[in-house]
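Could you open the model in your viewer and keep the selection panel at hand? We will go from stop to stop, selecting as we go.

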Amino acid sequence: MNLVELKSVSFGYRDEPVIDQVNLVIREGDFIGMIGPNGGGKSTIIRIIMGLLEPWSGEVIIPKDINIGYLPQTHNFDNRFPISVLEVVLSGLLKIHGITTRVNKKDKKRAMEVLGKVGMADLAKRSIGELSGGQMQRVFIGRALISSPQLLILDEPVTYVDNRFEQELYNLLELISLETAILLVSHDVGQIVSSVRTIACVNRQLHYHPSNQITEEILESYNCPIDLITHGHVPHRVLPTHLP
Amino acid sequence: MILDFFKYDFIMYALAASLLGSITAGIIGTYVVTRRMVFITGGITHASFGGLGLGFFFGINPLLGAAVFGLVSGIGVEYLSRFHKIREDSVIAMMWSFGMALGIIFISLTPGYAPNLMSYLFGNILSVSSSDIWIMGILMILVLALFVPFFRLIQYLTFDEEFARTSRVPVSLFKYLLVGLVALTAVVYIRVAGIILVLSLLTIPQNTALLFSNNLKRIMWLSIGIGFLGSLLGLMISYAGNIPSGASIIFSLVLLYLTGSAGKAIFHARKKQYKHP
């Protein structure tokens with residue numbers, strides 16, 4: 001089943017196109033890694049899928065009953081806002097409960113369960129502003145997970161988090177990917193290729209690569225100059241992963 | 001003397017206004033403070049002075065003119081802030097002073113009758129009439145009608161607007177409704193605290209409450225209680241010392257805030273001492 005479909009979607013700021021005629025289909029069971037240079041349009045595609053931007057042209061098809069969990073790249077909130085960690089995670093249920101959203105015991109139990117998964121259960125009652133950047137990121141991942149979405153979109157999830165949680169996060173994602181489609185955005189290929197099943201390369205246009213085997217030649221042919229180069233040493237072939 | 005206090009109608013009206021005002025301003029002010037709209041609210045209040053002057057000039061109810069100006073400027077700023085092309089704070093400052101200027105122009109053009117400007121600038125809770133109480137009551141009902149059923153939605157969209165926008169809820173509609181209520185609250189309570197002082201009802205009790213809680217609902221309840229206590233205290237000081245009520249209420253509210261801050265500091269110092277003897 002198609003969860004999300006983009007048909008030749010274009011978008012830009014002023015006259016400058018950021019993405020041009022992008023086609024993308026996300027199906028059940030997908031685990032897509034989206035890579036590409038800074039400013040290449042990764043976040044723009046995500047924001048279009050999430051309904052935060054209206055495309056210039058093209059079609060975005062998302063069935064009404066599809067629930068998408070979302071971790072934005074940047075968080076625009078006042079960290080002195082009086083809200084507890086538990087309450088932030090519960091806000092992920094807003095799209096399920098609608099405008100008169102209420103929270104019952106079951107919801108709270110579910111929120112604690114999710115906080116356990118991201119290792120934040122002990123801090124449930126803390127104010128969000130008292131947390132470190134990495135801890136906040138875990139809480140926002142919890143907010144994306146609480147509604148048990150069919151598709152999880154994570155925009156640069158490892159920004160701010162430490163190495164240990166980064167590994168934990170990838171393990172968690174692999175577990176989640178057994179029942180949830182995932183779209184994982186990163187500007188750093190090396191990190192994500194070992195987890196994902198397919199790769200989408202975004203640099204104004206989107207090139208879909210139906211495996212996670214990526215070589216520099218492939219990237220070049222996609223016009224997708226990314227971290228293979230900026231890391232200083234140029235691996236000829238990134239990853240052969242262990243096949244499942 | 002305390003019993004004397006209650007035998008006048010105007011005192012009863014003042015008490016009713018204090019209670020209604022504490023509830024309305026307690027809730028709306030919590031929204032204003034946590035969404036960091038204090039400056040916008042100041043702008044709305046002062047812009048409404050233009051409507052006040054217009055009301056005098058055309059011989060219509062000045063508060064009606066003020067309400068229209070308040071609503072237009074509030075909704076206008078909320079609308080403009082969606083486009084990041086403007087410097088929001090500069091626009092507010094222009095609106096703020098332009099409203100005041102318009103008000104002065106219209107009042108000076110109004111022939112004959114010169115309204116008591118002091119009462120609009122500083123307010124007088126002792127001049128509240130029964131029709132004012134009605135208006136305050138209706139406004140309180142409107143505020144409750146928005147905040148009781150939609151409390152969590154309002155909390156979430158205030159905390160992280162963009163995330164709320166991804167949740168298929170009408171975020172913009174609620175933001176306009178909320179800024180509308182902020183404008184109406186500011187204008188209705190000009191009667192009590194005046195254009196210059198009304199901001200204090202919307203910020204001081206809330207910041208006192210914020211000293212003690214990180215729970216939005218509890219902050220609203222605390223703000224209501226602190227606001228009411230401060231108003232009562234202020235009324236008594238006003239009565240006893242023959243001081244303008246707006247000033248004495250704000251004096252009391254600040255006194256409560258300072259007491260709260262000091263109390264919190266002492267409590268924390270003791271806790272520390274206990275932990276590290």
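Here is a tour of two sheets, a helical chain, an interface and a core.

**Before you click**

This is a predicted model, in which local features need pLDDT of at least 70, side-chain atom pairs count only at pLDDT 80 or more, and totals for chains, interfaces and linings use all residues. Residues are numbered from 1 along each chain as its sequence is written, while chains are lettered from A and ligands numbered from 1 in the order in which they are written.

Helices (H or I, at least four residues) and strands (E, at least two) are DSSP runs, numbered from the N terminus. Two strands pair if DSSP finds at least two bridges between them.

**Stop 1: the three-stranded sheet of chain A**

Select β2, β1 and β4 of chain A: in that order they form an open sheet with antiparallel pairing. β2 (16–27) and β4 (57–61) of chain A are the edge strands with a single partner each, so each has one side without a neighbour in the sheet. From one strand to the next, the twist averages 15° (axes are lines fitted to C-alpha atoms, for helices over the stretch in contact, and angles run from 0 to 180 degrees between N-to-C directions).

Now colour β1 (residues 2–13) of chain A, which pairs with β2(A) in the antiparallel sense over eight bridges. Across this pair, A:Y13 stands opposite A:E16 in β2(A).

Next, pick A:R14 in the loop between β1 and β2 of chain A. Its phi is near 50°, a positive value in a residue other than glycine. Is A:R14 buried or exposed? A:R14 counts as exposed because it has 5 C-beta neighbours inside 10 Å; the cut-offs are 20 or more other C-beta atoms within 10 Å for buried, 12 or fewer for exposed, and partly exposed in between, with C-beta atoms placed from the backbone.

**Stop 2: the six-stranded sheet of chain A**

Select β5, β6, β7, β3, β8 and β9 of chain A, which make an open sheet in that order, with mixed pairing. The edges belong to β5 (68–71) and β9 (205–209) of chain A, each with a single partner strand, so one side of each has no neighbour in the sheet. The twist here averages 15° from one strand to the next.

Add helix α1 (residues 42–49) of chain A, which packs on the sheet and touches β3 (31–35), β6, β7 (181–185) and β8 (198–203) of chain A. The direction of α1 makes about 145° with that of β6(A). Contact here requires the C-beta atoms of two residues, placed from the backbone, to lie within 7 Å.

Zoom in on β5(A) and β6 (residues 151–155) of chain A, a parallel pair with four bridges. A:G69 stands opposite A:L152, and the bridge partner of A:I68 in β6(A) is A:L151. β5(A) is covered on both faces: A:I68 and A:Y70 on one side, and A:G69 and A:L71 on the other, are all buried.

Then move to A:E156, in the loop between β6 and α6 (163–176) of chain A. A:E156 has a positive phi of about 50° although it is not a glycine, and is partly exposed, with 19 other C-beta atoms within 10 Å.

**Stop 3: chain B**

Show chain B alone: it has 13 helices and zero strands. The radius of gyration of chain B, taken over C-alpha atoms, is 20 Å, close to the 19 Å from the globule rule (2.2 Å times the number of residues to the power 0.38) for 277 residues, so chain B is as compact as a globular protein of that length. Buried residues make up 48% of chain B.

**Stop 4: where the chains meet**

Bring both chains back and select the 23 residues of chain B in contact with 23 residues of chain A. On the chain B side, α8 (151–159), α9 (161–165) and α12 (216–241) each supply at least two residues.

**Stop 5: the core**

Which residues have the most contacts inside the largest nonpolar core? They are A:V89 and B:V182, in a core of 139 residues. Such a core is a set of buried Ala, Val, Leu, Ile, Met, Phe, Trp, Tyr and Cys residues joined through C-beta atoms within 7 Å. Helix α11 (residues 190–210) of chain B gives the largest share of this core, 11 residues.

Finish by centring on A:V89, whose contacts beyond four places in sequence include A:A111, A:V114, A:L115 and A:V139.
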